[in-house]
Each structure stands twice: as structure tokens, then as C-alpha cells.
Amino acid sequence: MGTIQIKNLSYQYLDSDEPIFHNLSADIDEHWRLGLIGRNGRGKTTFLKLLLGTLDNQGSIKTNIHFTYFPAFPSDSSQSVMDVMTSNGGEEWQARIELEHIGIESSYDQRPFDSLSGGEQTRVLLARGFMTRGAFPLIDEPTNHLDIDGSKLVAQYLRSKSGFICVSHDESFLNSFVDHVMSLNRSSVDLVSGSINDWKSNKEARDHSAVEKNIRLRKSIKRLDQRANQQQRWAEQKERESNDASSRKSAKKLMKRVKVFKRRASENSQERKGLLSDIDQVDNLTTNIQSNTGNKLFFSLRSFSILRNGSKLFLPINLDFHENSRLAIYGPNGVGKTTLIQYLQQNVDLNYNGYKLVTLPNNIGYLSQSFESFVRNNPFFTDGRLEERTNVWNIMHQLGVSRSRLLASPKEWSMGETKKAALAYTLTQPHTLLIWDEPTNYLDISAREQLINLIKESQPSLILIDHDEHFISEASTQQIELRRPD
Ligand SMILES: Nc1ncnc2c1ncn2[C@@H]1O[C@H](COP(=O)(O)OP(=O)(O)OP(=O)(O)O)[C@@H](O)[C@H]1O
Ligand SMILES: [Mg+2]
């Protein structure tokens, strides 16, 4: 046990034109609660895989730490929760302590793992990573399927642990437990102690001074160029006007100065090179989605709930949704948010209680929670009409996906890149209504802000389900909470 010593680590995927890591050296201590951050596609998941030793790399990673990985789904998901917990070693009593700690009661121990809600499964799998003594979990985006309470529980749990790496795009989640930060920037890697906020203010100050320096150098180059040109003109004039020795001498002197100015300008240009290479440029999205100004009623629900096996999924709701509105549906894991929007689209056949009038338009841009298989198995993304694919690529590029990644096979895209493809698809297909089920999962923070700005500007007709409170309050004009009946 001790440290993870990384020396001159370089890694490049075979069919990619840029390396993900180039000569990275870093020491990570076994006790750190390390937050790993960076925009989609920067290589966070790749870094975890390199530590796990599943990718061939150049350089060395020296450690005798035993890594566990999240998310790793059990091979047999009908096993009991207790069997899943002890499947990689460890005793039942240890498992109970971990489960207790992460808010899973003992009545769950013998339940089949697959009968648990997504959020509960996430917590069990996280706790399993800490079962082996001295294990160092590598945790990749644990909050994606957690509701607000679940994510708070997990943050508390991780705060009580030491020795792990956690990747997340949720800064306030990370801030509540990390003591070190590793940031994969555009052209550098930072490894510092402190919280995400500490790292962020430091990075902002560095970026700010780089921008200032760039402006200073640009001005100085312009001034030096002007002076060089002026001196050169004078020198040429002197040469032309008189032929005596003293004029030639002063022309020569002027030319010397020209050289000095030119040299200084070129030194400044050299210094400017790469100055801004670590700064992320985030522009507003340009799409041609239309704002919906009509006030047509899309659905009206009174004392309405959906029934599963005869019981109400959520407490009855009253809700009217009009064309010019942006509705956010939120509530705990398993309460029936996705079921409700699928029901409204007539994708599921279930009984209901109460009154309903549903007249949704036919052309809906639907982002489903299973966006990954949608993108990876959809011929559109490899063989669709070039013009339509280009529209999707343009939006993905504006959302931060590099041009070379756009042309790669969708099966190789990172989770965030895949999410951006699915979102861009809904935006570019003709639609009267957008329905987005958890748009912010896997998305980096800049992309979330770009979506918020787009929605505020274009004001599309929108129904969204999300757990990101900031996103909900910024993007929606109307909210409904679904509550459990018990
Ligand atoms: N098998 C592969 N072949 C080629 N390129 C790949 C492969 N797998 C991933 N990549 C690319 O490598 C880059 C890093 O991927 P990685 O999954 O590590 O990113 P990430 O930082 O985890 O992103 P995200 O936040 O979206 O999860 C991405 O641009 C991705 O498209
Ligand atoms: Mg990843």
C-alpha cells in the first residue's frame, strides 16, 4: 500500500489522431478522496481503465493498491443483495455495515438485486466497492441515476471513506467530500489538494492572466510592427534622398533598429503561442428550433395516477400542459416519472385512475433514458443522410466534441459524446414538442449551460425529467413533483 506512482504515461486509442495522455506523471496517495473532472471526452474513464490495467500504455503505473470499479453490474442480477455484496470477497457482517452506512436496510438483504430501483442498485454497487480491505474504488459517475436524496446519501457515505477516485460532472456533489482534485484540462492536467471550488478559482485566475497577457502581447506586437515599418520607411527615404556617407550611415542605423523591433515582435509572438490553449471556449448553440407561441392544450390531468398491479404509482396529480410551456417533472427514483411520459406518448399500456385528456402532437423529439443503445444501434449515425448527419455533428461540435471524434464510430464515443449525439438528434429532427428524459446525465457542465441558454432563447415546447435542481429551475416554466403514495 502507499501511492500510485505514474511516470510518463502516454496513451492514444489506435484509430484516433490525438493522444489522450502524453507523458503524464503524478503521485496519488492511498488516503486521498480524489475528484476527477474534465469535459466530456477528455479521458476520465480512460484514466480509470489505465489504472485498472485494462489498456496497453506507454510509461509506468507503479502501485500495489487493489482497485475496484464502479459501475460493475453483477453477472447474475437475480442474486440476492447480500450475495452481490459478498461476491468479490468479504463477510456478511461487513456487508451489513456498509449497506447500513449507505442507507440500505436489512430487509433488503435477501431481495433479488434486480428488484431494487435504479438508485438503490447504484448504492449497493458502490458499497460493494468498499468491501475488500484496503480496496481503492475507481468510481465513474455515480450520481447519474440518483435522485436528490440518493445523491446526498452517497456524498455522505463517500465523505466517511478515504482512498478512492470519483469522476463526476456534479461540482456541488464532489465539493461535499473530495480533498484532492485532478482536472483534465484542454491541454494540461492539474493535480492539486483542496476542493473543486479551490481548483476552479485558481484555474480561473490562471485563465484570466493568460487572456490579459495575450492582449498585452498582441498590442505590443502591433506597436513593434508599426515602429519597424516606420523606421524602415525612413531608412529607405534616407537612402533615396541623398548619397553622402553620413545619410547611408544613419539609414544603416535605422535598419538596425528595424531588426531589433522585428526580433522583439517575433519573441512576443513566440510567447503568445499556446497561451490560450488550455482555455475552453464555450459558444452559444445555433440551431433552427422554433419557439412555440401557440397556446394549444397538449394534455390535462385531474386526480390522475397510473396504476401498476392495481396500486397507484404516485399520489394523484392535477396538471395542464400547453404548447408554449416548459414542464419539469421531478421526484424520487422509482416514482413513475418515465412511466408517465411514456404513458402520455402511448408507449405503455397501463390502467389509470382519475381523468385525462391527451392530445400530444405526432412529431415529438424524444430523448429516452436508453439513449446509449439508441445511438449505438441506430444506422442514422453511420449511414443516415449526410445533410441530416451534418446538422447533428454541428450541434455536437458546438457542444464541445472535437471534429475528429465526430467521424469516429459511435460505439467508441464516450458517454458524454453519446449523450450529445442523442440530444442533437432530437433537436435536428422536425418536432413540435421535445420530451427529454434526464438530459443532464453524463453531460459536462458547459454543455448543460449551453442547453439552458438555448432553451431560454428558443423557448421550445418542452417536457423534461431531471434531478439537477439548477437545470430544472433555469430551463422550465412549470414544475410538478411526483410523490410516492405511502
Ligand atoms: N475504443 C476507442 N477508440 C477510439 N477512441 C476512443 C475509444 N474509446 C474512447 N475513445 C475516445 O477517447 C476520448 C476519451 O474517452 P473517455 O471515455 O475516457 O472520456 P471521458 O472523459 O470519460 O468522457 P465522458 O465525460 O463523456 O464520460 C473520447 O473522445 C472518446 O471518443
Ligand atoms: Mg466517462
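Student: Which strands form the three-strand open sheet, and in what order?

Tutor: Read a sheet by its strand order and its pairing sense. In this predicted model, three strands form an open sheet ordered E2-E1-E4. The pairing is antiparallel.

Student: Which strands stand at the edges there?

Tutor: Look for strands with a single partner. Strand E2 (21-29) and strand E4 (58-62) each have one partner strand, so one side of each is left without a neighbour in the sheet. Neighbouring strands of this sheet are turned by 10 degrees against each other on average, direction ignored.

Student: How many bridges join E1 and E2?

Tutor: Count bridges, then pick a residue pair. Strand E1 (residues 3-11) and E2 pair in the antiparallel sense over six bridges. As an example, Ile4 stands opposite Ile28 in E2.

Student: What is the strand order of the six-strand sheet?

Tutor: The reading is as before. The order is E5-E6-E7-E3-E8-E9, again an open sheet, but the pairing is mixed. Its edge strands are E5 (66-70) and E9 (189-193), each pairing on one side only. On average, neighbouring strands in this sheet are turned by 20 degrees against each other, direction ignored.

Student: In which sense do E3 and E8 pair, parallel or antiparallel?

Tutor: Parallel. Strand E3 (residues 33-38) and strand E8 (residues 180-184) share five bridges. Take Leu34: its bridge partner in E8 is His180.

Student: Which strands does helix H1 touch in the six-strand sheet?

Tutor: For helix packing, ask for contacts, then for an angle. Helix H1 (residues 44-52) packs on this sheet and touches E3, E5, strand E6 (135-140), strand E7 (164-167) and E8. The direction of H1 makes about 155 degrees with that of E6. H1 also lies across E1 and E4, running at about 115 degrees to E1.

Student: Which residues are closest to ligand 1?

Tutor: Start a ligand site with its shell. Ligand 1 is surrounded by 21 residues, the closest being Tyr13, Thr45, Thr46, Ser414 and Gly416. H1 and helix H14 (415-428) each supply at least two residues of that shell. By class, the shell has six nonpolar, nine polar and six charged residues.

Student: Why is ligand 1 said to lie between two domains?

Tutor: Check which domains feed the shell. Domain 1 (3-198) and domain 3 (297-481) both give residues to the shell around ligand 1, so the ligand lies between them.

Student: Which residues does the UniProt domain annotation cover?

Tutor: Treat a record as a label, then describe the stretch. The unreviewed UniProt entry annotates "domain: ABC transporter" over residues 4-211. Over residues 4-211 the chain is 33% helix and 25% strand. The end C-alpha atoms of that stretch are 35 Å apart.

Methods:
Residues are numbered from 1 along each chain as its sequence is written. Chains are lettered from A and ligands numbered from 1 in the order in which they are written. This is a predicted model: local features need pLDDT of at least 70, side-chain atom pairs count only at pLDDT 80 or more; totals for chains, interfaces and linings use all residues. Two strands pair if DSSP finds at least two bridges between them. Helices (H or I, at least four residues) and strands (E, at least two) are DSSP runs, numbered from the N terminus. Axes are lines fitted to C-alpha atoms, for helices over the stretch in contact, and angles run from 0 to 180 degrees between N-to-C directions. Two residues are in contact if their C-beta atoms, placed from the backbone, lie within 7 Å. UniProt positions are given in the numbering used here, feature names are shortened, and annotations may be inferred rather than shown by experiment. A residue is near a molecule or strand if its C-beta atom, placed from the backbone, lies within 6 Å of it. Ala, Val, Leu, Ile, Met, Phe, Trp, Tyr, Cys and Pro count as nonpolar, Asp, Glu, Lys and Arg as charged, and the others, Gly among them, as polar. Domain bounds come from an automatic or database domain assignment.
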